Each structure stands twice: as structure tokens, then as C-alpha cells.
Amino acid sequence: MSGQRTTDPAATGATLGSMTSPGTAMTGAQSLVRSLESAGVEVVFGIPGGAILPLYDPLMDSSIRHILVRHEQGGGHAATGYAQATGRVGVCMATSGPGATNLVTPIADAYMDSVPLVAITGQVASKAIGTDAFQEADIVGITLPITKHNYLVTDPSQIPRVIAEAFHIASTGRPGPVLVDVSKDAMQAMTTFTWPDKIDLPGYRPVARPHGKQVREAARLLIDSKRPVLYVGGGVLKARASEELRRLVDLTGAPVVTTLMARGALPDSHPQNLGMPGMHGTVAAVTALQKADLIVSLGARFDDRVTGRLDSFAPYAKIVHADIDPAEISKNRVADVPIVGDARDVLSELFLAVQAEHTAGRKADLAAWWVTLTEWLEGYPLGHAQAPEGEVSPQHVISRIGAISGPESIYVAGVGQHQMWASQFIQYENPYTWINSGGLGTMGFAVPAAMGAKVGKPDTAVWAIDGDGCFQMTNQELATCVINNIPIKVAVINNSSLGMVRQWQTLLYNERYSNTDLHTSVGRRIPDFVKLADAYGCVGLRCENPDEVDATIQKAMEINDVPVVIDFVVHRDAMVWPMVAAGASNDKIQVARDVSPKWDRED
Ligand SMILES: Cc1ncc(C[n+]2csc(CCOP(=O)(O)OP(=O)(O)O)c2C)c(N)n1
């Protein structure tokens with residue numbers, strides 16, 4: 001995880017020496033601020049309250065930028081967006097009790113998507129812990145299953161060590177969230193500050209370098225394979241290994257699928273990129289995995305949204321499974337060749353091993369496989385039905401945003417149909433340009449995560465592509481954006497309904513639309529998103545006419561001093577295709593309602 005090594009205390013110790021001499025007397029809160037500075041923190045998203053107030057006072061004198069959010073959930077997702085866009089550790093903070101429990105969703109979200117996050121919470125005074133004191137919640141207990149590690153600190157002298165460890169754990173191995181809960185009295189008491197010059201965690205030694213024998217075995221399988229697929233997951237991005245991936249892809253000539261968490265790891269324009277696998281993946285990507293004789297999984301985890309019905313997933317394939325987290329290997333699908341290691345090291349070594357095979361005159365012949373793959377790619381490209389006359393197509397809006405704003409922009413999605421379309425219809429050419437909530441599927445992710453991404457990448461255009469349902473969960477962070485000069489662009493794909501749920505009701509519940517109508521455009525506008533944007537001090541635009549899509553996007557591109565919200569009123573019956581129904585076999589992929597690819601019908 002080289003991109004995150006700035007958090008290593010050994011690397012930051014030199015700077016520290018000039019800031020503070022070891023053993024300086026100060027309060028626990030001052031020590032906590034010094035520790036965050038020493039860990040290289042530049043920005044924190046949070047909200048103060050009684051238990052964490054001692055920390056907010058010295059924060060005023062710190063170089064660290066604190067961004068006051070409107071809801072702790074927004075602070076957590078903002079830290080995640082920042083981390084995803086920059087590769088650094090994201091930091092959020094909250095007070096005890098309800099402040100801390102409001103962080104539960106973003107912490108769980110970061111855990112599922114392996115995002116390096118440090119959450120600092122204030123806790124009631126140590127003597128009051130366990131007494132049901134005002135605003136007491138056992139946040140360490142609550143977050144135990146959704147953090148990589150967590151701490152309760154009641155002794156101020158432990159603060160520098162714990163913070164150093166928290167950043168180390170969050171950013172190394174398989175990244176993830178770490179929570180540090182600090183009692184109020186520990187922040188108020190006097191202590192001395194010394195930043196540790198090394199981390200001593202005997203029980204935590206993530207393996208980075210893969211085992212050479214396993215890598216050579218994987219290379220041999222790749223050479224012998226007639227129908228290999230490189231199955232690339234978010235771990236490749238976490239390891240900042242896009243370059244290494246590209247080299248292996250070019251060397252092997254093998255087809256690649258990039259999961260929802262890995263979009264952008266290999267350019268979409270690369271001829272070997274078959275696109276996204278899984279429930280709403282391309283026919284070529286889904287079917288290539290099904291028919292493969294070898295799957296080389298790189299930083300992916302055989303998630304149910306990718307495998308579909310597990311016992312019928314990729315029945316002919318041998319599995320090479322490379323992951324930094326040994327717990328992932330053979331969890332869902334037994335691996336023939338397990339490789340534990342950092343994706344960048346795995347890719348570099350696999351490259352050398354395949355190169356050695358080539359030098360020895362052994363090379364895979366994938367010509368026949370590519371004939372078949374090309375038939376699938378050409379026969380079943382991604383596409384969508386036209387919207388009814390005069391109505392706006394959501395897929396068209398999203399693809400035009402991608403085309404006009406371009407591949408250097410960052411696109412952040414909420415959860416639902418718009419998320420799948422944003423993954424399908426924007427061409428990702430660069431890593432770290434696509435940010436979404438893949439594992440937890442958290443509605444409300446887009447606006448705050450886009451805010452965090454824009455803080456980390458202020459010179460990049462950052463789009464939140466959101467649903468009208470998702471947007472209503474966290475749009476209050478637009479106030480944070482306006483006040484703190486964070487000019488994101490929000491495209492609300494307004495189908496006046498909880499679209500993805502409605503799609504399932506259409507397909508599986510006989511078009512009985514129980515509680516999915518949001519009344520945000522059809523007949524009424526509750527709320528009116530343009531007025532809402534205006535109320536926050538953003539520019540609000542509306543587009544209801546298919547002929548005005550491009551001009552509206554262009555207008556948003558020209559506004560760079562305040563956030564822009566566009567209410568794209570789209571037709572509500574658009575559906576996400578292709579689709580593999582939940583729990584079904586990937587062999588049952590449909591490209592439209594009751595329409596399967598030709599070979600499936602012939603079967
Ligand atoms: C916090 C949360 N609650 C409920 C869900 C279940 N859910 C998944 S998609 C969806 C609908 C999203 O609607 P909208 O934001 O309008 O997006 P659309 O699908 O219409 O594009 C719901 C309710 C969820 N993923 N997250």
C-alpha cells in the first residue's frame with residue numbers, strides 16, 4: 001500500500017521532531033491533535049458535542065482543516081470519498097452516543113469496501129462508562145464486527161501510540177476502518193506527548209510478498225489455459241497497481257473483467273476489457289467467466305453479486321485466487337492456487353513468471369477464445385431502450401455527462417439504477433475516477449462522498465450521480481459544500497421513485513408498486529430539487545426535455561464556484577439490463593425482459 005505509507009510514523013517522525021520535542025507536557029486533547037498532525041492528516045470531517053469538546057479546542061490552533069458537516073453519516077462518507085480519491089487515510093470525528101452511532105453506516109460501508117478510514121469518537125468520562133450516562137453508547141462494542149480494529153482509550157499517555165497504530169492498521173494490508181474512542185477525562189487530563197518511532201504489533205503482520213512457487217504455478221496455468229479470464233477487483237486499485245495490471249494484461253493477451261469496485265483499473269477502451277461482471281454486468285464479461293477454464297482473481301472476492309448462484313458459477317474453471325487477505329481465499333469458491341499478497345507484488349511477479357514461460361517458448365494460444373469473445377462483445381454490446389417520445393432517458397443523461405465531463409473527472413454514485421447505469425455508461429479510462437458504495441450498497445453515499453473526493457482533488461470536476469431517493473437521504477451536505485467552497489456537481493436522476501426497488505417489483509412482484517413512489521416529479525415535486533438547491537445557495541437547474549440534456553450539462557460545467565444541482569426528470573420505466581436475477585445462475589442472464597442471449601435459448 002505504498003500510496004499510504006506517509007502514515008508510517010517512521011516516515012513522519014523527522015517532521016515531528018521540529019514540531020514538538022519528545023515528552024512535551026500537554027492535555028490529552030492536545031496530544032490527540034498532535035498525533036493526528038504527526039500521522040499526516042490534512043483534513044477531518046466531523047461535528048462536535050459534549051464528550052469530544054476538549055478535542056475541538058486545540059483543533060482551532062492546528063494546521064488540520066476541520067470541515068463541519070451537517071450529519072455524522074455525511075462526515076464518514078466524506079472521509080471515504082476523500083480516501084478513495086486520494087489513496088490517503090480518511091478521517092472523521094463525532095461525539096459520544098448519537099454522534100458515534102451516526103457513524104455506524106459509513107464505518108460499515110468502509111469495512112465492506114476496504115477503505116482506509118480512521119474514526120475518532122469522544123466517549124463519556126471513564127468513571128461514567130457502563131452507567132448509561134447521558135449520551136453514552138458502547139461504540140467499541142457496536143463497531144466491533146464492522147471495523148478492522150478499534151480502541152477505547154482512557155489513559156491519555158496511550159493516545160500517540162494508539163493513533164499511530166490506528167493509521168498503520170487502517171492503511172496497510174487489506175485497508176479498512178479503525179475506530180478510536182477516547183474518554184472525555186483522557187482528553188482533559190495532562191500528559192506528555194511522544195510520537196512513537198516504530199509500531200510494535202506482533203499479532204499484525206500482513207503478508208505483502210506472494211509465494212514464488214504459487215505465482216509460478218499460476219503462470220503455468222495461464223500458459224496451459226485455452227479460456228482464461230483475469231477477474232480484477234477493488235484490491236488492484238487499493239494496491240495502486242493499475243500499471244502492473246496493464247503490463248500483465250498486455251503480456252498475456254487474456255480477457256479482463258473489472259468489477260464494480262475496480263472500474264477504471266484498466267481503461268474501458270482497452271481491447272481486452274470485457275467490462276463489468278455480475279448481476280448487471282455485460283454479457284461478454286458474465287459469460288466469459290461462466291465458460292472460462294481458468295479464472296485468475298486479483299483483489300476480488302467472489303461476491304454473490306458477481307457469482308450469482310454460487311454452485312453453478314464458472315463450472316469449468318480452475319481458480320487462481322490472489323488476495324492480501326487470507327480470509328478471502330476459498331471463502332466462497334475453493335481456490336486451486338491460493339496466493340496471499342499485495343496485488344501490486346502479485347502482478348509484478350506474475351508478469352515475470354509468465355515472461356519466463358514465454359522465453360522458454362511456452363505461450364498460450366487464445367485465438368479461438370477471442371473469436372468467441374468477439375462474437376459476444378459484438379452481439380451483445382451494452383445498450384438501452386429509447387425513452388418514450390419527448391421524455392428523457394436516464395442512461396442517455398449519464399452517458400452524456402461522462403462524454404462531456406470526460407475521463408479525467410471523478411464520478412461518485414448513490415445506490416440503485418443510476419449507480420448501475422453510471423458504472424455501465426460512463427467510459428472509465430483512469431483509476432480512482434469512479435467511487436461508489438459497492439459492498440454495503442448505501443443510499444445517501446453520493447453527495448457526501450463526492451464532497452470528500454472534491455476536498456482531496458480540488459482541481460478535478462467531481463460529479464455526484466444520484467437518485468431522487470438517495471439524494472433525499474444526505475443532501476444536507478450541500479450546505480457544507482457551499483460554506484466550505486467545495487463546488488461539486490450533482491446530477492439527480494429523478495425518476496420519481498425508488499427505481500431499483502420498483503424494477504424488482506416490475507419483474508418479480510407483478511408490477512405491484514408498494515411504497516416506491518416518491519412524488520418528486522410525476523404530478524408533484526416534493527421536494528422541488530431546484531428550489532432546494534437554491535435554498536442551500538447552490539445553482540439549481542432542471543432538464544425535462546431530451547433536446548436540452550447536453551446544454552444543461554454544459555451549463556453545469558461552466559459553474560465552478562458553487563455546487564450545481566441538476567434535476568434531470570427522466571422516464572420512470574427505464575430498467576437496468578443485462579440482469580441476472582438474485583440467486584439465479586449466471587447462465588440465466590437476460591439482456592431484456594424475458595430475452596436471453598441466443599446460445600442460452602439454443603441450450
Ligand atoms: C440506506 C438504504 N436503504 C434502503 C436501500 C434499498 N434500496 C436499494 S436501491 C433503492 C432505491 C434507490 O432509489 P433512488 O435513489 O431513487 O435511485 P434509482 O434506483 O431510482 O436510480 C433502495 C430503497 C439501500 N440500498 N440503502
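Here are three short exercises, with worked solutions, on the ligand site and the pockets of this predicted model.

**Exercise 1.** Find which residues come nearest the ligand, and describe the shell around the ligand by class.

*Solution.* Start with the shell: there are 16 residues around the ligand, and Q417, H418, C470, G499 and M500 come nearest. Next, sort the shell by class: six residues are nonpolar, nine are polar and one is charged. Then look at the helices: α18 (417-425), α20 (468-474) and α22 (499-508) each give the shell at least two residues.

**Exercise 2.** Which polar atoms of D468, C470 and M500 lie close to ligand oxygen atoms, counting pairs of N or O atoms within 3.5 Å?

*Solution.* Take D468 to begin with: a polar atom of its side chain is 3.1 Å from a ligand oxygen. For C470, look at the backbone instead, where a polar atom lies 2.7 Å from an oxygen of the ligand. M500 also uses a backbone N or O atom, at 2.8 Å from a ligand oxygen. Finally, consider cover: on its own the ligand has 580 Å² of accessible area, and the protein covers 75% of it.

**Exercise 3.** Describe the largest pocket by volume, lining and class.

*Solution.* Begin with volume: the largest pocket holds about 920 Å³ of space. Now turn to its lining, which has 46 residues, with M261, R301, D303, G438 and G439 nearest the centre. By class, 21 lining residues are nonpolar, 16 polar and nine charged. Last, check the elements: among those that supply at least two lining residues each are β12 (318-323), α18 and α22.

Definitions and conventions
Residues are numbered from 1 along each chain as its sequence is written. This is a predicted model: local features need pLDDT of at least 70, side-chain atom pairs count only at pLDDT 80 or more; totals for chains, interfaces and linings use all residues. Side-chain values use heavy atoms; hydrogens and water are left out. A residue is near a molecule or strand if one of its heavy atoms lies within 4 Å of it. A polar contact is a pair of N or O atoms within 3.5 Å; within protein, one must be able to donate a hydrogen and the other to accept it, and residues adjacent in sequence count only if both atoms are side-chain atoms. Accessible areas come from the Shrake-Rupley method with a 1.4 Å probe; for residues, only the protein chains shown count as cover. Helices (H or I, at least four residues) and strands (E, at least two) are DSSP runs, numbered from the N terminus. Ala, Val, Leu, Ile, Met, Phe, Trp, Tyr, Cys and Pro count as nonpolar, Asp, Glu, Lys and Arg as charged, and the others, Gly among them, as polar. On a 1 Å grid over the protein atoms alone, a cavity is a set of points where a 1.4 Å probe fits but cannot get out, and a pocket is an open set with protein on both sides within 12 Å along at least five of seven lines; lining residues have an atom within 4 Å of a point. Grid points are joined across faces, edges and corners, and a volume is the space filled by probe spheres set on the points.
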